[in-house]
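Subject: A structure for you to look at

Hi,

Here is the structure I promised to pass on. Have a look around it first, then read my notes below.

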Amino acid sequence: MNNYFIHLIKEFLLVCFCAFLAFISGQAHIFHRKGSGILKGIRIGFYFFFMASVTLVINLFLEEAERKLQPWYMIVAFLLCMICVGIAEEVFFRGVLAEILYQRFDVDRAGIWKAVILSGLFFGIIHLSNLSFGEPVGVLIQVAGAGISGMVFTAVYYCSGNIWTTVFLHSYIDMASLSLSGIYGCGTVKDMVSGYEPLKLVGMVPYVLVLLVLLRKKKIGEVERNMAIRKN
């Protein structure tokens, strides 16, 4: 579906629900904890920002497709919808789930790796819901890719201690990925997911390398400092 007004309503309600979960689970501090700050956080997650920018350029200028610019209000609805998706998923998967896992395991390299892997697996598994509309092979490839990228998102979150960093990166990635649909009305999420092929998983190798760099031994102290910051 390209009716982003409908999606926007659903995603806004989901944002409210996830924020409620954050409060009742005792994780409300995520909304005001600065950690390393959002700008440094974006530098930490720069690979996400870079790849999303490449995708945006390809979609808007290089992809061959029938283009018809959507009305401005549809584009605004699309952008707001992507922001809501970023907020909802990051508040739940990083602000609630990853926080609980971080508190559950020892604050050492082994404990942080356990939390990162588990949060990524949950993030990947939730995408199985797309089996309701997408081709099974494409959805399974998306699940694997989302699991790996979810681990990197959690690593970026732990290294920055700032939920707004991952909200921005997540929203920007979704905007870039669906820019043809949201701005020009070309294709749908179903088309994109169903079109995933096994070769796409090769593109996840750099994400694994980024994960290894972010969680190298000398960075663990930085994780502990940023995640320990509460009210300022």
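Let's begin with a word you will need throughout: a residue is buried if its relative accessible area is under 20%, exposed if over 50%, and partly exposed in between (1.4 Å probe, protein chains only). Helices are DSSP runs of H or I with at least four residues, strands are runs of E with at least two, and both are numbered from the N terminus.

Before you go further, keep in mind that this is a predicted model, where local features need pLDDT of at least 70 and side-chain atom pairs count only at pLDDT 80 or more, while totals for chains, interfaces and linings use all residues. Residues are numbered from 1 along each chain as its sequence is written, and side-chain values use heavy atoms, with hydrogens and water left out.

Now to helix α10. Which residues are buried in α10? They are Tyr207, Val210, Leu211 and Leu214. Because they cover an arc of only 105° around the axis (taken from the directions from the helix axis to the C-beta atoms), they sit on the same side of α10. Here is the textbook background: an α-helix has 3.6 residues a turn, so residues three or four places apart point the same way. What do the buried residues of α10 pack against? Their partners are α2 (38-44), α3, α5 and α6. Contact here means heavy atoms within 4.5 Å. Take Leu211 as an example: leaving aside neighbours within four places in sequence, Leu211 is in contact with Trp113, Val116, Met151, Val152 and Ala155.

Helix α11 can be read in a similar way. Its buried residues are Ile220, Glu222, Val223, Asn226 and Met227. These cover an arc of only 155° around the axis, which puts them on the same side of α11. Turn to the other side of α11 and you find Arg225 and Ala228 exposed. The buried residues of α11 pack against α2, α4, α5 and α6.

Next, the inside. A nonpolar core is a set of buried Ala, Val, Leu, Ile, Met, Phe, Trp, Tyr and Cys residues joined through side-chain atoms within 4.5 Å. The largest one has 54 residues, and those touching the most other members are Ile112, Val152, Tyr158, Leu211 and Leu214. The elements giving two or more residues to this core are α1 (4-24), α4 (72-104), α5 (109-126), α6 (136-160), α7 (163-177), α10 (205-214) and α11 (220-228). The largest share, 16 residues, comes from α4. Apart from this core lies another, of 5 residues, including Val139, Ile141, Val143 and Val193.

If you like rings, there are 17 aromatic pairs to hunt for. Rings of Phe, Tyr and Trp (its six-membered ring) pair if their centres lie within 6.5 Å; planes under 30 degrees apart count as stacked, over 60 as edge-to-face and the rest as tilted. Why is the pair of Tyr47 and Tyr207 edge-to-face? Their ring centres are 5.1 Å apart and their planes are at 85°, so the pair earns that name. Tyr47 lies in helix α3 and Tyr207 in helix α10, so the pair ties together parts that are 160 residues apart in sequence. Tyr47 is partly exposed at 23% relative accessible area, while Tyr207 counts as buried at 13%.

Trp72 and Tyr73 also form an edge-to-face pair, 5.9 Å centre to centre with 85° between the planes. Trp72 counts as exposed at 64% relative accessibility, and Tyr73 is partly exposed at 41%. Phe46, Phe49, Phe50, Phe168 and Tyr172 form one aromatic cluster.

Some rings have a charge over them, meaning that NZ of Lys or CZ of Arg is within 6 Å of the ring centre and within 35 degrees of the ring normal. Arg67 lies over the face of Tyr184, 5.1 Å from the ring centre. The charged end of Arg94 sits over the ring of Phe123, 4.8 Å from its centre.

Last stop: Asn59, in helix α3 (residues 46-62). Is Asn59 buried or exposed? At 10% relative accessibility, Asn59 counts as buried. The side chains of Asn59 and Ser179 are joined by a polar contact of 3.3 Å. A polar contact is a pair of N or O atoms within 3.5 Å; within protein, one must be able to donate a hydrogen and the other to accept it, and residues adjacent in sequence count only if both atoms are side-chain atoms. Not counting residues up to four places away in sequence, Asn59 touches Arg67, Ala176, Ser177, Ser179 and Leu180.

Have fun exploring!
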